Amino acid sequence: MARPYPVGVFAPVATTFTPDGALDLDRFRANMEWYATSSLDGIVIMGSNGEYVSLSPDEKLALIEAGVKAVAGRKPIVAGTGVESTRGTIELTKAAAELGANYALVVTPHYYKPRYDRAAYVRHFHAVADASPIPVIVYVMAAYTGVDLPVDTVVEIAQHPNIVGIKDSGGNAPKVAEMVARTPEDFGVLAGSANFLYPALCLGATGGILALANVAPDACQEIVQAFRAGDHVRAQAVQFRLLAPNAAVTTRFGIAGLKAAMDMIGLYGGDPRPPLLPLNHAERAEVRRIMEEAGILARA
């Protein structure tokens, strides 16, 4: 039986906080309602854009529960369940499954990375997959964790029948190509950023988990649909148009930039949780300019 690997455009949604920094589940549910009726293929709760490292265990469970109930089966839910220990990851993954998540997104442990070799990562991910009631997606985010799994390690991890894909945010085209070529056909390779979605699709990626999809799901889907239709001229043109707004909500302004853009399209972004800082007035104006030039605000 083929594995239920992830396909299409997924948004790693932001976690919403009140002005005093508490979890704001009401606004989170309202955002999730919007995503549930959007063109997205799926929703990721507690990815990097969800500030998962700043959440307590109870907050993580509350967020998954609220998101699953708000979406009510209209989109598959991917829950970020990776923590530093294998035991803790298994516990959170099982809890996410009980709350109704459809997939677990498991980031690479990294605190002791000088001591983690290929055997350690294979053992970790296979142990999580053995215990998980839901399919597991490996998450590589070297910019934040300092861990970039080599292709040989990914290939070995991918042999587990309950590990169905990988989100790789590195944007390394030769690595994407090699992962696609050497992993099983029913293993999904997902672009980790909209700035290389089209090239990744050309190399065999099955979709992407994209910060920009939080505020421009239709534009991200336009790349996928144009690619599937063989309209590479259009796919390339949209890819180029999205480079600046994607940078604005990722590498340039980060999570604060994403949240500001969410505010601009009528969702609630609010401020990130400290020590992350919100954008200042000039930075917000720059994000608005970029979004307007790309046509994203006009689409909202």
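This is a short chat about how some labels in this predicted model are earned.

User: What makes Met46 count as buried?

Analyst: Buried means under 20% relative accessible area. Met46 has a relative accessible area of 2%, so the label fits. You'll find Met46 in the loop between E2 and H2.

User: And what is unusual about the phi of Met46?

Analyst: Most residues other than glycine have a negative phi. Met46 is not a glycine, yet its phi is positive, about 70°.

User: Which other residue in the loop between E2 and H2 has a positive phi?

Analyst: Glu51, with a phi of about 55°, and it isn't a glycine either. Glu51 sits in the loop between E2 and H2. Is Glu51 buried or exposed? With a relative accessible area of 2%, Glu51 is under the 20% cut-off, so we call it buried.

User: Why do we say that strands E2 and E3 pair?

Analyst: Two strands pair if there are at least two bridges between them. E2 (residues 42–45) and E3 are joined by 3 bridges, so they pass. The two strands run parallel. One bridge sets Ile45 against Ala79 in E3.

User: How does the chain get from E2 to E3?

Analyst: Through helix H2 (residues 57–71), in a β-α-β crossover that is right-handed.

User: What makes a crossover right-handed?

Analyst: Point the strands away from you and follow the path from the first strand over the helix to the second: if the path runs clockwise, the crossover is right-handed. The crossover from E2 through H2 to E3 carries that label. So does the β-α-β unit made by E3, helix H3 (residues 86–99) and E4.

User: How do you know that E3 pairs with E4 too?

Analyst: Pairing takes at least two bridges, and 3 of them join E3 to E4 (residues 103–107), so these strands pair. They run parallel. Ala79 has Ala104 as its bridge partner in E4, and Ala79 is also the bridge partner of Ile45.

User: Why are both faces of E3 called covered?

Analyst: Look at the two sides of E3 (residues 77–80). Ile77 and Ala79 lie on one side, Val78 and Gly80 on the other, and all of them are buried. For each of them, that means under 20% relative accessible area.

User: What makes the largest cavity a cavity?

Analyst: A cavity is a space where a 1.4 Å probe fits but cannot get out. The largest cavity has a volume of about 40 Å³, and the structure holds 2 cavities of 30 Å³ or more. Lining the largest cavity are residues including Met46, Gly80 and Tyr139. E4 gives the largest share of that lining, 3 residues.

User: How are the residues of that lining classed?

Analyst: As 6 nonpolar, 4 polar and no charged. Gly counts as polar, so Gly47, Gly80 and Gly82 in the lining go into the polar group.

User: What about the second largest cavity?

Analyst: It holds about 30 Å³ of space. Its lining splits into 5 nonpolar, 1 polar and 3 charged residues. Asp and Arg count as charged, so Asp263, Asp271 and Arg284 in this lining get that label. H12 gives the most to the lining, with 3 residues.

User: How do you know that the peptide bond from Pro274 to Pro275 is cis?

Analyst: Its omega is near 15°, and the bond is listed as cis. Most peptide bonds are trans. Pro275 is in the loop between helix H12 (254–264) and helix H13 (281–293).

Note on methods
Residues numbered from 1 in each chain as written. Predicted model: local features only at pLDDT ≥ 70, side-chain atom pairs only at ≥ 80, totals over all residues. Heavy atoms only, no water. Buried < 20%, exposed > 50% of the residue type's maximum accessible area, 1.4 Å probe, protein only. Helix = DSSP H or I, 4+ residues; strand = E, 2+ residues; numbered from the N terminus. 1 Å grid on protein atoms, 1.4 Å probe; cavity = no way out; pocket = protein on both sides within 12 Å on 5 of 7 lines; lining within 4 Å. Points joined across faces, edges and corners; volume = space filled by probe spheres on them.
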